[in-house]
Amino acid sequence: MKKPMLFFLMMGLLLALAVCQTALPGREISEMENRMLAERPAFTASGFLSGSFSQQTERFAADQLPLRDGFVSLYSAMQGLLGRRSVGDTLVGDGMLFNRSDGFSERNVRMNAAALRALSEKTGKPVYLLAVPSAAAVYPEKMPAHAPAADEAALLAAAEEENALLPLLPSLLAGKERGEPLFYATDHHWTAFGARSAMNASAGPWGWMPGKCRRCKGIRAFTAASMPAIPCPGLGRMISPARCLRACASG
Amino acid sequence: MHARCRCLRRCCCLTGGLGVLIPRQKSKGGRRAALLFGLICDFGALVFYKYAGFLLGIFGAESALLSGLSLPLGISFFIFQAAGYLIDVYRKETQPEKSPVAFGTFLFLFPQLIAGPIVRYGDLQEALHHRRRPDGQALESGAALFIAGLAAKVLLANPLGEAFEQLRAVPGDMACAWLSLCAYTMQIYFDFMGYSVMAMGLGRMLGFSFPRNFNHPYAAVSITDFWRRWHMTLSGWFRDYVYIPLGGSRRGRGRTAIHLLIVWGLTGLWHGADWNFVLWGLWYFLLLSAEKFVLSGHIRLPLPLRRVLTLLGVMLGWALFVSPGLSGFGSYLSDLFCFRISSASLFWFREFAGILLLGAVFCIPPVTDGLKGLLRRRAWLRLALLLAALLLSLASLAKASYNPFLYFRF
């Protein structure tokens, strides 16, 4: 009788993976996926009966699978072969990853902006909205062709109708014109350049005065010279943020 | 013990006990009463767990007893196997099982408990009592079936399901609506077929032989033909235990139509306790009645056209099946025939063209049969391809977060 090679190989592979998973120490983080990995769940009778233990075990088994990075690369290669340009809510653009932004609706934007206006009216304080455009609004040419994206300019205009909007998109687009990399290529966060553009856009209405950075000269920084006073928890009165910091630090 | 487990255990004990008692009744009335009692208890449990909320909802009533009640997984498969066993014993088509272990094994056999196929006791009786150690051939073919089923579920059904959800989320776009329907049509096939084939493989490795559940359903040339190829064990159950005992098609057109209505109403309800499932069953009643009474013998269409029309009927049925309620179906239908196409559909088409094409290729009988034949002849190729499928399936299970379970309502 012929030996059942496939059966032995399959069982051997599954057994080896199970033994390695049990014996090897687990990883806390997947650098490749930039996320925390699930840890071994603690067994409880109530968790077992409710099904949460099984769900956690399933997540643990998937996250702590031996050779996980290899399997993840294999999966990505398979997706590429099938012509996929999106993974979940992430779109694979031209040298950049984009978060899908088509989930924003004008109705939600108006509701949020109206809530901020109500806050301003109730407290009598000025409230500014710094709505951050996504990388898709700044680099539309790098998005996959015909990819779903919100009309962020229209959404910002809708927000502006309801609230005092700090216009960030023009500042970012100006930074893009200067050739500054405003967003990281592999996640949705902006770089220091992007943050500086945001600062440029928001500093004026707050009354902050831009200054020169002593170290890097050419890049503009900001001083707290004319920052508005804040309630200092250490001194119990309104003072400038810089004095508040010093007072609280000295105890 | 959890209430759901207690319910299934009690059904198992009761059915096993009645199976022994029925042949011992001297009168036919006694046998019939025992059968009726067993069926009422078994289906009573099914109605309580699966349909009570739906039935109370029809009358606008709510019960505190039902709040927090969850459906025992695979209860429909379990009850249908139990009821089929009782009827077979009553008809003397099978010997009653006296061993509680063997009977419990038949009802709770894990490979097919939650997603079928629906196995008849007669198919497993021999293996339950004279189970031989599986030989090398059975282990090898069982492993091959298991990997093939796993690949169908993980590599085809799951990505197609993701495609369906993404495409369905594009509102008011006819192209995306039809692409989503194609994706769902293939997802439900590969998902259900995958589980059935995995069950067959596991069963074979354990020394059991389960019946085949699917036979290239999307190559059917009529709706009648489709139901001879789709979920064959369920349609066989309804044929043998409901349609034929009612009189089948031997009592004239009117009665046949009523029998069909009963069978397809029940088939719809079996798939879930909601109106869209009832209407899905009635949709097939309409299609089958039209085929049987109107089209049969009158219209001769070319075979490819018959295939296309059958597939279209089946796909529209799936639109009803997958929609959340009647309003959901209305919205799906309006998207399917809205005659508007946005530029986003170009992106989604390119995004999912690969998996849709791959799925469609594996729905074509000559392709899958040819592949099976080739793998039978070339042992090394078979080993390499199946191992590659196993590794790719593991990669998908490790990485992909989308892994739906479609049978929680069955």
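**A walk from one arginine to the chain A–chain B interface**

Let's start at Arg110(A), which is partly exposed at 25% relative accessibility. Here buried means under 20% relative accessible area, exposed means over 50%, and partly exposed is whatever falls in between, using a 1.4 Å probe and protein chains only. Bear in mind that this is a predicted model, where local features need pLDDT of at least 70 and side-chain atom pairs count only at pLDDT 80 or more, while totals for chains, interfaces and linings use all residues. As for bookkeeping, residues are numbered from 1 along each chain as its sequence is written, chains are lettered from A and ligands numbered from 1 in the order in which they are written, and side-chain values use heavy atoms, with hydrogens and water left out.

So what does Arg110(A) do with its side chain? It meets the side chain of Glu161(A) in a salt bridge, 3.0 Å from N to O. A salt bridge here is a side-chain nitrogen of Lys or Arg within 4 Å of a carboxyl oxygen of Asp or Glu. The two ends sit in distant parts of the chain: Arg110(A) is in helix α5 (residues 106-123) and Glu161(A) in helix α7 of chain A, 51 residues apart. Glu161(A) is exposed, at 57% relative accessible area.

A second pair in chain A is Arg196(A) with Glu180(A), whose closest N and O atoms are 2.9 Å apart. Arg196(A) belongs to helix α9 (residues 192-206) and Glu180(A) to the loop between α8 (169-177) and α9, a separation of 16 residues. Both of these residues are buried.

Stepping back, chain A has ten helices and eleven strands. These elements are DSSP runs numbered from the N terminus, helices being H or I with at least four residues and strands being E with at least two. Of its 251 residues, 32% count as buried. Among chain A contacts between residues at least 6 apart in sequence, 53% join residues at least 24 apart, where contact means heavy atoms within 4.5 Å.

Gln64(A) shows how this looks locally. It occupies the loop between α3 (52-63) and α4 (68-81) of chain A, and it is buried, with a relative accessible area of 11%. Its side chain reaches the backbone oxygen of Arg27(A) at 2.7 Å. Beyond its neighbours within four places in sequence, Gln64(A) is in contact with Gln21(A), Gly26(A), Arg27(A), Leu37(A) and Ala38(A).

Over in chain B, Lys153(B) sits in helix α7 and is buried, with just 3% relative accessible area. Its side chain makes a polar contact with the side chain of Asp191(B) at 2.8 Å. A polar contact is a pair of N or O atoms within 3.5 Å; within protein, one must be able to donate a hydrogen and the other to accept it, and residues adjacent in sequence count only if both atoms are side-chain atoms.

Chain B has a long-range bridge too: Asp335(B) and Arg168(B), with closest N and O atoms 3.0 Å apart. Asp335(B) lies in helix α14 and Arg168(B) in helix α7, so the pair ties together parts 167 residues apart in sequence. Both are buried.

Now for the interface. 39 residues of chain B are in contact with 34 residues of chain A. The area buried between the two is about 3200 Å², with carbon and sulfur atoms giving 71% of it; buried area is the accessible area (1.4 Å probe) that two parts lose on being put together, summed over both. On the chain B side, Phe347(B), Glu351(B) and Lys399(B) lose the most area to chain A, together 19% of what that side buries.

Two salt bridges cross between the chains, including Arg84(A) with Glu162(B) at 3.4 Å between closest N and O atoms. Nine residue pairs are in polar contact across the interface, both partners at pLDDT 80 or more. Among the helices of chain B, α7 (136-168), α15 (344-361) and α17 (379-399) each supply at least two residues of the side touching chain A. The largest share, twelve residues, comes from α17(B).

Finally, the cysteines. The whole structure has zero disulfides over all chains, a disulfide being a pair of cysteine sulfur atoms within 2.5 Å. Why does Cys12(B) have no bond to Cys13(B)? The sulfur of Cys13(B) is the closest cysteine sulfur to that of Cys12(B), but at 5.4 Å it is too far for a bond.
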